[in-house]
Amino acid sequence: MSVRIVLGAQFGDEAKGKIADFLAASARHVVRSAGGPNTGHTIVLPEGPVVLHQLACGVLRHGVTGISGPGMVLQPFKLEEEIQGLKDRGLLRGEIVLSDRAHVLLPIHEVEDAWQDDLRARQRPEASLGTTKSGIGPAYADRASRFGIRLAELSRPAVLRERLELLYATKTHLAGLPSIDELAARLSEVGGRLAPFIRPTEPLLWDAIARGENVLLEGAQSALLDLDFGTYPYVTSSHPTSAGALVGSGIPPTELDSVVGVAKSYCTRVGAGPFPTEEAGERGEYLRRVGGERGATTGRPRRCGWLDLVLLRYVARLNGLTSLAITKVDVLGGLPEVPVAVAYRMPDGSTLRDGPPTHADELAAAEPVYEQRPGWPEFHERLKERIRREGAAALPAELRRYLAFIEDEVGVPVEYVGYGAHRDETVWLGPPGTRRRPVAIAAWNG
Ligand code: IMP
């Protein structure tokens, strides 16, 4: 039995959907515990690519339950479309369960999200967060201010109507909202259709754990977008950390076995916010083109840059990472050298190694100190075939040295390597315990 968390260790889009899908093969339950329609987890199946937004990747596997957990904010109309889309393609193979405690993200939250980001941009252009405009911030704000509506309330018409009236009273600043009557009717209808999936998910998971079944918590967004520990205010409104995954699923911390952090072999970010290793020029364009770096939810081009070990060391400690999955190593194949940021030089002359400064503007002013690592060969089909056949032993020696360098620098073993978009293009490097090297992490920023 194991309870395992897989989470993003950078700014999102680390190909963690692919790693979660790989790990889901040995799970009985896969749980999404935070976020909502802002998420886009791409999984390339033999039938073609699938992008999951509000469903856990377990729904793609026979015998696996995909749970959208209590910590999520779910947009029911989009969710219904997502379910129907999978059914139409014959890809809905597992069971869908939706937590009755998850909050409902309403179309009015989408309007409010756009209104808020416009307001920020009008005040100061650089204050715009570049959110996904899917209503995440306002939905979580209403949840915290106790104006929210939970999934279970969709099947209680009188309560739903009361909750909507109260919520609308707080939205007088917004124009063009649907009438309460219209929204209440649409919500009751969609609630009726989703009702077979809605139930309490905590007892389901507690019982599963007691029976010895494997549970995978599938993180969305990423640790550096965490509301408290990310690059505030350029963050999302949930807690995409290991602690957040437990809170958002109702699983006690004492049940947790392992935490896998997923990082690309380089780094990307969508939306605004500091990104010290960003390459704005030709080299960034190269990474964007070869890596196919466009947002899976919004289609926005991703900002691209190099692996940042200062941020990765911080994420490792913040989340208690027990292993790493390094993805998209094929994208860097054929480069003569690969830059990796090992420290920051700050404007006052100091050096930071083990974590970013607290303030976003200070992080933006950090100058990365790069180490150039030797590159590795291109990932031709022949090499991929060898890795599929022989496993990790077939990885190029230069790449293995790059991975060993990351392990030494971060103090966390690399357990998985992603070398292509397809479901079978992930390789396991063996149990982390056998390769762990004790690394003394220097005192905080010391
Ligand atoms: P929100 O989550 O839509 O409020 O957006 C807040 C910030 O998080 C923006 O910079 C988004 O681009 C970013 N963000 C939200 N979800 C994702 C994701 O799934 N991948 C990458 N970035 C994301």
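From which domains does the shell around the ligand draw at least three residues each? The shell takes at least three residues from each of domain 1 (103-196) and domain 2 (265-446), and the views below follow these two parts and the ligand. This is a predicted model, in which local features need pLDDT of at least 70 and side-chain atom pairs count only at pLDDT 80 or more, while totals for chains, interfaces and linings use all residues. Residues are numbered from 1 along each chain as its sequence is written, and side-chain values use heavy atoms, with hydrogens and water left out.

**View 1. The two domains of the chain.** The domain assignment, whose bounds come from an automatic or database source, gives domain 1 (103-196) and domain 2 (265-446). Their C-alpha centres lie 37 Å apart, and five residues of domain 1 are in contact with four residues of domain 2, where contact means heavy atoms within 4.5 Å.

**View 2. The interface of domain 1 and domain 2.** Domain 1 and domain 2 bury about 280 Å² between them, with 50% of this area on carbon and sulfur atoms; buried area is the accessible area (1.4 Å probe) that two parts lose on being put together, summed over both. On the side of domain 1, Leu 129, Gly 130 and Thr 132 lose the most area to domain 2, together 78% of what that side buries.

**View 3. Polar contacts across the interface.** Two residue pairs in polar contact are found across the interface of domain 1 and domain 2, both at pLDDT 80 or more; a polar contact is a pair of N or O atoms within 3.5 Å, and within protein one must be able to donate a hydrogen and the other to accept it, with residues adjacent in sequence counting only if both atoms are side-chain atoms.

**View 4. The surroundings of the ligand.** Of the 17 residues around the ligand (a heavy atom within 4 Å of it), Asn 38, Thr 132, Thr 236, Val 270 and Arg 300 come nearest. In the side chain of Thr 132, an N or O atom is 2.5 Å from an oxygen atom of the ligand, and a polar side-chain atom of Arg 300 lies 2.9 Å from a ligand oxygen atom. For Asp 13, a polar side-chain atom lies 3.2 Å from a nitrogen atom of the ligand.
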